[in-house]
Amino acid sequence: MGGAADDQLLSFDEISKHNKKFDCWLIISGKVYDVTPFLDDHPGGDEILLMATAKDATDDFEDVNHSEEAVGMLKSYHIGNVDTNTLPGKQYNQTSADGSAQKRKSAPKSLEIFQFLVPLLIVGIAYALYHFSREN
């Protein structure tokens, strides 16, 4: 492709509106792809792609371990770049006008610990209920 469209900076809100079978955009590694024409041809089905809309789909894409051919195909669907300042809940390094790197705040450590402990607590309670119900 190449050109002005590739350099277009798109907000997360704008990208999120394109989340339907007839209009499907994905964010992968900071780039925006209009994959609408590929939905019917995607080996995993169109639902997989539609579930990856309205979020940063980089992890989803990388977790599948796509072939080099699949990665190369992305170039033909590239329509611009995401404005990382508009992504919700992500931490990105931004370079200011003077060239110094600035880091956006990430979630507090207490929230990260809470997200880890809640599932453990649920499993512990379930085990206790199971164990005590068997004794009776």
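**A walk through the sheet and its cores**

Hi everyone, let's start with a pair of neighbours: strand 2 and strand 3 run antiparallel and are joined by two bridges. Please keep in mind that what you see is a predicted model. These two strands make a hairpin, with two residues between them. If you want a residue pair to look for on screen, try N19, which stands opposite C24 of strand 3.

Now let's step back to the whole sheet. In what order do the five strands lie? Reading across, the order is 1-5-4-3-2, and this is an open sheet with mixed pairing. As a quick reminder, strands of a sheet pair through backbone hydrogen bonds, either parallel or antiparallel. The edges here are strand 1, residues 9-10, and strand 2, residues 19-20. Each of them has a single partner strand, so one side of each has no neighbour in the sheet.

Back to strand 3, because I'd like to follow its other side, where strand 4 sits; the sheet order puts strand 3 between strands 4 and 2. Strand 4 covers residues 31-34, and its pairing with strand 3 is antiparallel, over four bridges. Two of the partners in strand 4 are easy to find: Y33 is the bridge partner of L26, and V32 is the bridge partner of I27. This is a hairpin too, again with two residues between the strands, and in it S29 takes a positive phi near 55°.

So is strand 3 mostly covered or mostly open? It is mostly covered, with five of its six residues buried.

That brings us to the packing. The largest nonpolar core has 14 residues, and L26, I28, Y33, V35 and L49 have the most contacts inside it. Two elements give two or more residues to this core: strand 3, at 23-28, and helix 3, at 46-51. Strand 3 provides the largest share, three residues.

Let me zoom in on L49. Which residues does L49 touch, leaving aside those up to four places away in sequence? They are C24, L26, V35, F38, L39 and H42. You have met two of these already: C24 as the residue opposite N19, and L26 as the bridge partner of Y33.

Finally, there is another core apart from this one, with nine residues, including W25, V32, V82 and L87. V32 should sound familiar, as the partner of I27. Thanks, everyone!

Technical notes. Residues are numbered from 1 along each chain as its sequence is written. This is a predicted model: local features need pLDDT of at least 70, side-chain atom pairs count only at pLDDT 80 or more; totals for chains, interfaces and linings use all residues. Side-chain values use heavy atoms; hydrogens and water are left out. A nonpolar core is a set of buried Ala, Val, Leu, Ile, Met, Phe, Trp, Tyr and Cys residues joined through side-chain atoms within 4.5 Å. Buried means under 20% relative accessible area, exposed over 50%, partly exposed in between (1.4 Å probe, protein chains only). Contact means heavy atoms within 4.5 Å. Two strands pair if DSSP finds at least two bridges between them.
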